Amino acid sequence: MKNLVILGGGYGGMKILNELLPNHLPEDVTITLVDRVPYHCLKTEYYALAAGTISDKEVRVAFPEHPCLEVKYGEVTGIDTNDRKIKMKDAEPLAYDDLIIGLGCEDKYHDVQGADLFTYSIQNIEKARHTYSVLNNLGPGSVVGIVGAGLSGVELASELSESREDLNIKLFDRGKHILSAFPERLSKYVENWFVRNNVEIINNSNITKVEENRLYNHDEPIDCDVIVWTAGIQANEIVRNMDGEKDRMGRMIVTPHHHLPTDEHVFIVGDCASSPHAPSAQLAEGQAEQIVEVLKKRWNGEELPATFPPIKLKGILGSLGKKQGFGMMADRAITGRVARLLKSGILWMYKFHNG
């Protein structure tokens, strides 16, 4: 029997399982999924979990069940590609024939002193739960600093402003306008929403140091009761420590077939794989579909395509609380109630098909 090992049950790992099971797995192949929690997590909704507007249960989706699928709960500590074994914390090494690495990302602190020690995170479900506990135990009038005004920071700030109107929320961003990856008109729409909802935007910021309950913007101290970091990501530490060429985010450079240039049995998916696109659930699922095609053709002894067509992303949507939203669909900016309804509908469809 050949063992296909998938590290991480995120959007890429889940898509691979759903593409192969129940009817597209050869009889001589088994799958072992390794994850730290016993369910798939909707990472795109961690901002709402941290803000306290949804329950923990709403971001959990059960893994599929199949006689040829074994789910191992544990923490990966290293990958030995020479011996084809996964090193596990407090467990025996796990052997593989083919490996798919989808361990996700971590916060990137950009060498800001103290940021890793004195800020909270929403990068995994354990950290999002902890951030929820801290934020929702704050007294009225407390100051929350959110560092980074990309999609995650904006969604967290807006959701928290609706959940806790009694808090003073400060959103720090390096650029002239928040959401720098979006058109300026859309950025201004979101900024106006924050003005109406009493969220303070601090543009052109430069966080130089973080201490307990204090951050320094251009070396000027600003006291905060809680500081949440949403100012960048990098590949999982396990991937950053692997041999091989990586991009500036620590993501592995891969071939057009999504495996390492030096090892055709090690595939990389999602936030761990270098790509011209920004990390997203859509991108991870597109990569997963192509990896499954490679595996199927190999298992059937068929020739692989020289390349795959570029992965087409349908757009990006963000929420502004429960009633408003924003996004880009087919290069067209959309705002307001329609954008929020679209995001809610897409989330419902995803859970319906995966639950």
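1. A residue is called buried here when its relative accessible area is under 20%, and by that criterion buried residues make up 50% of the 355 residues in the protein chain. The model under discussion is a predicted one, and the points below should be read with that in mind.

2. On the overall fold, the protein chain contains nine helices and 23 strands. Its radius of gyration is 21 Å, close to the 20 Å that the globule rule gives for 355 residues, so the chain is as compact as a globular protein of that length. The C-alpha trace spans about 60 × 40 × 35 Å along its principal axes, and the accessible surface comes to about 17,400 Å², with 48% of that surface belonging to carbon and sulfur atoms. Of the contacts with a separation of 6 or more, 66% are made by residues that lie 24 or more positions apart.

3. A reader tracing the C-terminal part may begin with an open sheet of three strands, which are arranged in the order 21-22-23 with antiparallel pairing. Strand 21 (315-320) and strand 23 (332-336) each have a single partner strand and stand at the edges, so one side of each is left without a neighbour in the sheet. On average, and with direction ignored, neighbouring strands of this sheet are turned by 10° against each other. Strand 21 is joined to strand 22 (residues 324-329) by six bridges, and Leu 320 stands opposite Gln 324 of strand 22.

4. Two helices accompany these strands. Helix 5 (residues 151-163) lies across strand 21 and strand 22, and runs at about 25° to strand 21. Helix 9 (residues 337-354) packs on the sheet and touches strand 21, strand 22 and strand 23, while its direction makes about 95° with that of strand 23.

5. Ahead of helix 5, Ala 149 is located in the loop that follows strand 11 (143-147) and leads to that helix. Ala 149 counts as buried because its relative accessibility is 2%, which falls under the 20% cut-off. Leaving aside neighbours within four places in sequence, Ala 149 is in contact with Val 154, Leu 171, Phe 172, Asp 173, Ile 178 and Leu 179. Thr 32, by contrast, is 117 residues away from Ala 149 in sequence, and the two C-alpha atoms are 37 Å apart in space.

6. Strands 14, 15 and 16 deserve a look together. Strand 14 (residues 207-211) and strand 15 (residues 214-217) run antiparallel and are joined by four bridges, with Val 210 having Leu 215 as its bridge partner. These two strands form a hairpin with two residues between them, and in the turn Asn 213 has a positive phi of about 60°. Strand 15 is also joined to strand 16 (residues 220-223) by four bridges, again in an antiparallel arrangement, and Asn 217 stands opposite Glu 220 of strand 16. The hairpin of strand 15 and strand 16 likewise has two residues between the strands, and there His 218 takes a positive phi near 55°.

7. A final site to examine is Asn 236, in the loop between strand 18 (233-235) and helix 7 (237-240). With a relative accessibility of 14%, Asn 236 counts as buried. Its side chain reaches the backbone nitrogen of Ile 238 at 2.8 Å and the backbone oxygen of Leu 103 at 3.5 Å. When neighbours within four places in sequence are set aside, Asn 236 is in contact with Leu 103, Gly 104, Cys 105, Glu 106 and Cys 272.

Technical notes: Residues are numbered from 1 along each chain as its sequence is written. This is a predicted model: local features need pLDDT of at least 70, side-chain atom pairs count only at pLDDT 80 or more; totals for chains, interfaces and linings use all residues. Side-chain values use heavy atoms; hydrogens and water are left out. Buried means under 20% relative accessible area, exposed over 50%, partly exposed in between (1.4 Å probe, protein chains only). A polar contact is a pair of N or O atoms within 3.5 Å; within protein, one must be able to donate a hydrogen and the other to accept it, and residues adjacent in sequence count only if both atoms are side-chain atoms. Contact means heavy atoms within 4.5 Å. Two strands pair if DSSP finds at least two bridges between them. Axes are lines fitted to C-alpha atoms, for helices over the stretch in contact, and angles run from 0 to 180 degrees between N-to-C directions. The radius of gyration is taken over C-alpha atoms; the globule rule is 2.2 Å times the number of residues to the power 0.38. Accessible areas come from the Shrake-Rupley method with a 1.4 Å probe; for residues, only the protein chains shown count as cover.
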